[in-house]
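Take a short walk through this structure. Keep the sequence and the 3D view side by side.

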Amino acid sequence: GLIIVDSTKNPNKQFPDSFTRTIPVWCCIVNRVCQNLKSNVSEYKYPLTMHSSISSEEKQIVESLLDDKVKELEDILGIRCDDDTN
């Protein structure tokens, strides 16, 4: 199970940053690690999906960091799935 607690107290925000940025990014990273466990792929089945309030420029920046974050999580978990470990 998972419990998400957000402490945003700004009443002017429709959605807290965690719901528009942090959670979607982590979901994408975890999905990619899980997909890598099944098979090493060059194109991921589940692309990064972010809230419509996020600019395309910001989404591109985040997308450019995803591969490194996936590798970092695989390293932390000790489950490297890419070809360069063979």
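In which segment is F15 found? F15 sits in the segment before α1, the helix that spans 17-38. Bear in mind that this is a predicted model.

Start at the surface. F15 is partly exposed, because its relative accessibility is 35%, a value between the 20% and 50% cut-offs. F15 also belongs to a nonpolar surface patch. Its partners there are L2, I4 and F19. Together, the four make a patch of about 430 Å².

Now turn to the charged side chains. The structure holds 5 salt bridges. Three of them are followed here, beginning with R21.

R21 pairs with D17. Their closest N and O atoms are 3.0 Å apart. Where do the two partners stand along the chain? Both are in helix α1, 4 residues apart, so about one helical turn separates them. Each side chain is partly covered. R21 has 29% relative accessibility and therefore counts as partly exposed. D17, with a relative accessible area of 34%, is partly exposed as well.

R21 has another partner. E58 forms a salt bridge with R21, and here the closest N and O atoms are 2.6 Å apart. Which parts does this pair tie together? E58 lies in helix α2, residues 56-77, while R21 lies in helix α1, so the bridge ties together parts that are 37 residues apart in sequence. E58 is partly exposed, because its relative accessible area is 25%.

Move along helix α2 to the next pair. E72 forms a salt bridge with K69. The closest N and O atoms of this pair are 3.5 Å apart. E72 and K69 both lie in helix α2. They are 3 residues apart, about one turn of the helix. Are these two buried or exposed? E72 has 41% relative accessibility, so E72 counts as partly exposed. K69 has 37% relative accessibility, so K69 counts as partly exposed too.

Finally, put the bridges together. Which residues do shared partners join into one network? The network consists of D17, R21 and E58. R21 is the shared partner: R21 bridges to D17 and also to E58. Trace that route in the 3D view. Begin at D17 in helix α1, pass through R21, and end at E58 in helix α2.

How values were computed
Residues numbered from 1 in each chain as written. Predicted model: local features only at pLDDT ≥ 70, side-chain atom pairs only at ≥ 80, totals over all residues. Heavy atoms only, no water. Patch = residues over 30% accessible without salt bridge, like charges linked within 9 Å, V, L, I, M, F, W, Y side chains within 5 Å. Areas by Shrake-Rupley, 256 points an atom, 1.4 Å probe, with all protein chains shown as cover. Helix = DSSP H or I, 4+ residues; strand = E, 2+ residues; numbered from the N terminus. Buried < 20%, exposed > 50% of the residue type's maximum accessible area, 1.4 Å probe, protein only.
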